[in-house]
Amino acid sequence: QVSVMESGGGLVQAGGSLRLSCSASRSTISINDVAWYRQAPGKQRELVARISRQGSTTFADSVKGRFAISRDNAAKTVTVYLQMNSLKPEDTAIYYCNAPASDTLVWWPWGQGTQVTVSS
């Protein structure tokens, strides 16, 4: 069973920065892409940033130019980071990481996520 743990969230003022970390251990599947998702109150979970094993990245339009994603690969542990700069109140959400298998499916069980709150 894969264990996913996100960390690094917190309360920050608009314009500030945070760096989120996610560790997925005991993965027995060779994962190509990993991604950060977020879910704001009353909204559906959305994909924020995605990175391939080779380092290719894609971002949601709402975070382009402000967020960066990176990853470290080990034998059975994947660590993925999300550097968030110039944060806005609309970035407030619970942030999760996972490995997308399709547009709607993911490989790992969802972790508890990490709360990011941006005050205006």
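What follows is a walk through the strands, core, salt bridges and disulfide of this chain, all taken from a predicted model.

The sheet comes first. Four strands make up an open sheet, running in the order β1-β3-β8-β7 and pairing in the antiparallel sense. The edge positions go to β1 (3-7) and β7 (67-73); each has a single partner strand, so one side of each is left without a neighbour in the sheet. Going from one strand to the next, the twist averages 15°. At the β1 end, the pairing with β3 (residues 18-25) is antiparallel and takes in five bridges. Within that pairing, Met-5 sits opposite Ser-23 of β3.

Next, the packing. The largest nonpolar core holds 30 residues, and the members that touch the most others are Trp-36, Leu-82, Met-84, Tyr-95 and Trp-108. Quite a few strands chip in: at least two core residues come from each of β3, β4 (34-39), β5 (46-51), β7, β8 (77-84), β9 (93-98) and β10 (114-119). Met-84 is a handy residue to click on here. Leaving aside residues up to four places away in sequence, Met-84 is in contact with Gly-16, Ser-17, Leu-18, Leu-20, Arg-66, Phe-67, Tyr-95 and Val-116. Of these contacts, Tyr-95 is also on the list of core members with the most partners.

Then there are the charged pairs. The model has five salt bridges in total, and Arg-38 is a good place to start. One of its partners is Glu-46, with N and O 2.7 Å apart. The two ends of that bridge sit in unlike surroundings: Arg-38 counts as buried because its relative accessibility is 7%, under the 20% cut-off, while Glu-46, at 33%, counts as partly exposed. Arg-38 also forms a salt bridge with Asp-91, where the closest N and O atoms are 2.9 Å apart. Asp-91 belongs to the loop between β8 and β9 and Arg-38 to strand β4, so this pair ties together parts of the chain that are 53 residues apart in sequence. Both Asp-91 and Arg-38 are buried. Through shared partners, salt bridges join Arg-38, Glu-46, Arg-66 and Asp-91 into one network. Arg-66 turns up twice in this account, since it is also among the contacts of Met-84. Elsewhere, the side chains of Asp-61 and Lys-64 meet in a salt bridge at 3.0 Å, N to O. Here Asp-61 and Lys-64 are both exposed.

A short stop at the loop between β6 (57-59) and β7, which is where Gly-65 lies. Gly-65 is exposed, and its relative accessible area is 85%. Ser-86 is 21 residues away from Gly-65 along the chain, and the C-alpha atoms of the two are 9.3 Å apart.

Last comes the disulfide. The count is one, and the bond is formed by Cys-22 and Cys-97, with their sulfur atoms 1.6 Å apart. The disulfide connects distant parts of the chain, with Cys-22 in strand β3 and Cys-97 in strand β9, 75 residues apart. Both ends are tucked away from the surface by the accessibility criterion: Cys-22 is buried, at 1% relative accessible area, and Cys-97 is buried as well, at 0%. Strands β3 and β9 also each supply at least two residues of the core described above.

Conventions
Residues numbered from 1 in each chain as written. Predicted model: local features only at pLDDT ≥ 70, side-chain atom pairs only at ≥ 80, totals over all residues. Heavy atoms only, no water. Pairing = 2+ DSSP bridges. Axes fitted to C-alpha atoms, helices over the stretch in contact; angles between N-to-C directions. Core = buried A, V, L, I, M, F, W, Y, C linked by side-chain atoms within 4.5 Å. Buried < 20%, exposed > 50% of the residue type's maximum accessible area, 1.4 Å probe, protein only. Contact = heavy atoms within 4.5 Å. Salt bridge = Lys/Arg side-chain N within 4 Å of Asp/Glu carboxyl O. Disulfide = S-S within 2.5 Å.
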